[in-house]
Amino acid sequence: MKITGVKVYRVAPKSNYVKVETDEGICGWGEPVVEGRSRATAVAVKELGEQLIGMDPENIEDLFNVMYRGNFYQGGPVLCSAISGIEQALWDIKGKKYGVPVYQLIGGAAKEKQKVYAWIHGETPEELAADALNRLSEGYHYGKMCICNEMEWICNSARIDKAIAMFATVKEAVGDRMEIGIDFHGRVHKTVALTLMKKLEEFNPLFIEEPLLPFNEDDLVELKRHTHLPIATGERLFTRWDFKRLLKTGAVDIIQPDLSHAGGIWEVRKIAAMAECFDVTVAPHCPLGALAFSSCIHLDVATPNSFIQEQIVGVHNAVNGGGLEIEDRIETDDSQGYVSCDTYIKNEKGLFEFEDGYVKLPKNPGLGPIIDEERLAAANNGDLPLWQQPLYRMDDGTATQW
Ligand SMILES: [Mg+2]
């Protein structure tokens, strides 16, 4: 089999789809995107794709090497996300060729089903508590929420108290029926992170995600020395080599590689194996669409140390007929409103089988989603701007972490 073409589609609100075509008529799809940088990633996909024309799509290890090691400049979000989406498409091709789900090609099922968690949204403690109860009623037993918005380097006690109250109110509402992680989103600095974590200890959050920006590894080690709360991080790290540095610090309990950023399915399987040797679990990051989520599920079910899977696919809709919903808006264009990722999927019904907070083993060959290319082509944004991340500023106007 030979690769004959690599196409990219950019669609609102912030998705890229890559199609890898072959001379045998089998094509594979993947989701290569950096949130807010879909245009740059699409160009990288085209450039990397040109290198693969004429090569055998089944040699996934070799093609990763061609795209990664075969280029002098390596790593980082744009290049690694481009590689990731192409790599997902290669697994999709291979699964379709042999008529098996991708997890069967990477070791088979290491478990019967995959635990997932949902985002809990809200601006106030009451809104957050109400949303957590909604999630509970939808069958989730695990969730994640943010409590830190624009936090100063040294934060006043009112903001600290408000953040703690958010989590305390949610925990009081759900009790022990739901375990909830907290994402600091890299928005706080080490002194505030430590203060927050010490105050949160009594509420036993499931984990603290990105308590610091991922590059402050020494400070992460210091944090870990002062708290028993599990530390999660890794959505902004790429390939084995970034994770090697992180794991060697001993400061992390849960790594969160993103299968559309870190290098793809097989790269994250290698990262997970390395994490297992450090007695660290894996919870893949996934705020993207059905192809990215599907890639994660195949990886999860074939990986004994994968703990839990993030997802933004609407479990409620899926249970009631398979609808999927991306919970992101384009702020600049209200007419587009909420965009369903099933817009471009022909087999959304029953694609992911949710039950009691778990996703069952995938059944379809390849990654699973069957893409409606006609609709995708009609929606293709070409080189036009798409979603940009919000710009956060502190009270004095300083630009800060989203
Ligand atoms: Mg995060």
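V6 is found in strand 1 of this predicted model. With 22 neighbours counted for V11 and 21 for V6, two residues of this strand merit description together. For V6, the 21 C-beta neighbours inside 10 Å reach the cut-off of 20 or more, so the residue counts as buried. Beyond residues up to four places away in sequence, V6 touches V18, V20, V45, K46, G49, L52 and I86. G186 lies 180 residues from V6 along the chain. The C-alpha atoms of V6 and G186 are separated by 35 Å.

V11 is also found in strand 1, which covers residues 3–11. V11 has 22 C-beta neighbours inside 10 Å and therefore counts as buried. The contacts of V11 reach far along the sequence. V11 and L376 are 365 residues apart in sequence. In space, their C-alpha atoms are 7.4 Å apart. Leaving aside neighbours within four places in sequence, V11 is in contact with L376, A379, N380 and N381.

Helix 3 was examined next. This helix has 22 residues, numbered 77–98. At 1.5 Å a residue, helix 3 should span 32 Å. The C-alpha atoms at its ends are 32 Å apart, which agrees with the expected span. Helix 3 is mostly covered, with 19 of its 22 residues buried. Just after helix 3 comes G99, which takes a positive phi of about 70°. I86, whose number falls within residues 77–98 of helix 3, is one of the residues touched by V6 of strand 1.

The packing of helix 8 with helix 9 was then considered. Two packed helices are described by the angle between their axes and the distance between the axes. Helix 8 covers residues 239–249, and helix 9 covers residues 265–277. The two pack at an angle of about 20°. Their axes are 9 Å apart. Angles under 35 degrees count as roughly parallel, so helix 8 and helix 9 are roughly parallel to each other. Helix 8 passes helix 9 in a right-handed crossing. On the helix 8 side, the contact is formed by T239, R240, F243, K244 and L247. These residues meet E267, K270, I271, M274 and A275 in helix 9. The residues of this contact divide into five nonpolar, one polar and four charged.

Notes. Residues numbered from 1 in each chain as written. Predicted model: local features only at pLDDT ≥ 70, side-chain atom pairs only at ≥ 80, totals over all residues. Helix = DSSP H or I, 4+ residues; strand = E, 2+ residues; numbered from the N terminus. Expected span 1.5 Å × (residues − 1). Buried ≥ 20, exposed ≤ 12 C-beta atoms within 10 Å, placed from the backbone. Contact = placed C-beta atoms within 7 Å. Axes fitted to C-alpha atoms, helices over the stretch in contact; angles between N-to-C directions. Parallel < 35°, antiparallel > 145°, perpendicular 65-115°, else oblique. Left-handed = near helix turned anticlockwise from the far one by under 90°. Nonpolar A, V, L, I, M, F, W, Y, C, P; charged D, E, K, R; others polar.
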